[in-house]
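User: Please take a close look at the charged side chains here and tell me where they sit and what they meet. I work at the bench, so spell out your cut-offs as you go.

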Amino acid sequence: MYQFDNKTAIVTGGGSGLGRAVADRLGREGARVAVADINMAGARETVDMLRAKGYEAFDVYCDVTKADTVRQMVQTVTREGGGIHILVNNTGMAMESRQSKEGLRICDTDEALWDMSINLNLKSVFLCSKYVIPQMIRNGGGSICNIASLAGYFPAFGASYGASKAAVIALTKSIAMQYADDHIRCNCICPGAMQTPTGLNANKIGMMSQESADRPRLRMIDRIADPMEMANVVAFLLSDEAGYITGTEVRVDGGSMAMSVKIPPRRADE
């Protein structure tokens with residue numbers, strides 16, 4: 001028996017990158033996967049990929065920043081999927097990284113960019129959770145995994161992105177506490193550098209992985225992660241095997257946050 005047999009999972013932003021990897025991993029474990037995205041071409045590509053592997057999946061349109069489309073998405077998935085048991089709030093992007101390699105300072109961040117970042121990275125988690133949780137309660141419980149970021153811990157990538165991801169960590173704990181008696185668990189992961197086609201990591205991937213004689217080690221595991229390495233942790237947190245884990249953020253970062261001192265580069269003769 002796969003651990004997600006007879007369970008329906010929503011993966012927001014499932015049309016590319018980490019969302020696609022998560023959808024793949026959950027499908028492999030027997031979940032019926034609803035690939036929710038504003039980019040329907042990408043969502044259909046993911047669904048086609050999953051179906052080609054024999055997994056059950058369908059696409060559904062959703063602008064996760066708008067309550068009306070989130071409600072409609074939840075209704076569609078409930079109808080077509082026979083309920084909702086799993087939610088992965090994956091949609092997000094570092095808007096600032098498009099304008100500055102180091103991220104924008106507060107005084108350089110205009111209000112429109114701030115609102116866009118907060119809406120996409122934080123409000124989306126609020127809205128999807130708000131409308132999915134009642135369906136989970138009707139099913140007797142469920143599991144949620146939010147995608148936060150290491151930027152939620154330190155001010156590295158601009159004000160709005162870091163603020164939104166720190167808030168996702170806090171919101172994760174609130175959901176876990178408020179709905180524990182309804183048998184709903186909620187956790188989040190904080191990814192490190194990852195090979196994805198869009199967003200923060202794509203813009204910084206060259207800088208993070210650049211090999212040079214004087215580059216200090218940025219993480220204990222000195223490479224960029226594959227998205228499936230993140231998806232594996234998401235699947236574990238959503239599964240019954242993690243049944244005693246809730247309200248927790250898991251850093252999947254190759255040990256970068258644990259390094260109090262950066263490891264110097266190896267000498268050429270070592």
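Analyst: Here is a walk through the charged side chains, starting with the setting and then going pair by pair.

First, some ground rules: this is a predicted model, in which local features need pLDDT of at least 70 and side-chain atom pairs count only at pLDDT 80 or more, while totals for chains, interfaces and linings use all residues. Residues are numbered from 1 along each chain as its sequence is written, and side-chain values use heavy atoms, with hydrogens and water left out.

Now the setting. The protein has 7 helices and 7 strands; helices (H or I, at least four residues) and strands (E, at least two) are DSSP runs, numbered from the N terminus. Along the sequence their order is β-α-β-α-β-α-β-α-β-α-β-α-α-β. Of the 270 residues, 52% count as buried. Buried here means under 20% relative accessible area, exposed means over 50%, and partly exposed is in between (1.4 Å probe, protein chains only).

On to the charges. Side chains of opposite charge can pair when their charged atoms come close. The rule for a salt bridge is a side-chain nitrogen of Lys or Arg within 4 Å of a carboxyl oxygen of Asp or Glu. By this rule the model holds 9 salt bridges, and D24 with K53 is one of them, at 2.8 Å from N to O. D24 lies in helix α1 and K53 in the loop between α2 (40-52) and β3 (57-61), so this pair ties together parts that are 29 residues apart in sequence. Helix α1 itself covers residues 17-28. The two partners have their own surroundings: D24 is buried, with a relative accessible area of 8%, whereas K53 is partly exposed at 43%. The D24 and K53 side chains also make a polar contact, again at 2.8 Å; that term means a pair of N or O atoms within 3.5 Å, where within protein one must be able to donate a hydrogen and the other to accept it, and residues adjacent in sequence count only if both atoms are side-chain atoms.

The next pair sits within one helix. D68 belongs to helix α3 (residues 67-81), and its side chain forms a salt bridge with that of R71, at 2.3 Å from N to O. Being 3 residues apart in helix α3, D68 and R71 are separated by about one helical turn. D68 counts as exposed at 55% relative accessibility, and R71 as partly exposed at 32%. Their side chains are listed as a polar contact too, at 2.3 Å. D68 has a neighbour from further along the chain as well: its C-alpha atom is separated by 9.7 Å from that of L127, although the two residues are 59 apart along the chain.

Then there is K173 with E249, whose side chains meet in a salt bridge at 2.7 Å, N to O. This pair links distant parts of the chain, with K173 in helix α5 and E249 in strand β7 (residues 249-252), 76 residues apart. K173 is partly exposed at 36%, and E249 is partly exposed as well, at 23%.

Positive charges can also be checked against aromatic rings. A charge sits over a ring if NZ of Lys or CZ of Arg is within 6 Å of the ring centre and within 35 degrees of the ring normal. K130 lies over the face of Y131, at 5.6 Å from the ring centre. R251 lies over the face of Y153, also at 5.6 Å.

Y153 deserves a further word. It is in the loop between β5 (142-147) and α5 (159-178), and is partly exposed at 30%. Together with F154 and M257, Y153 makes a nonpolar surface patch of about 220 Å². Patches are built from residues with over 30% relative accessible area and no salt bridge, with like charges joined within 9 Å and nonpolar side chains (Val, Leu, Ile, Met, Phe, Trp, Tyr) within 5 Å; the areas come from the Shrake-Rupley method with a 1.4 Å probe, and for residues only the protein chains shown count as cover.
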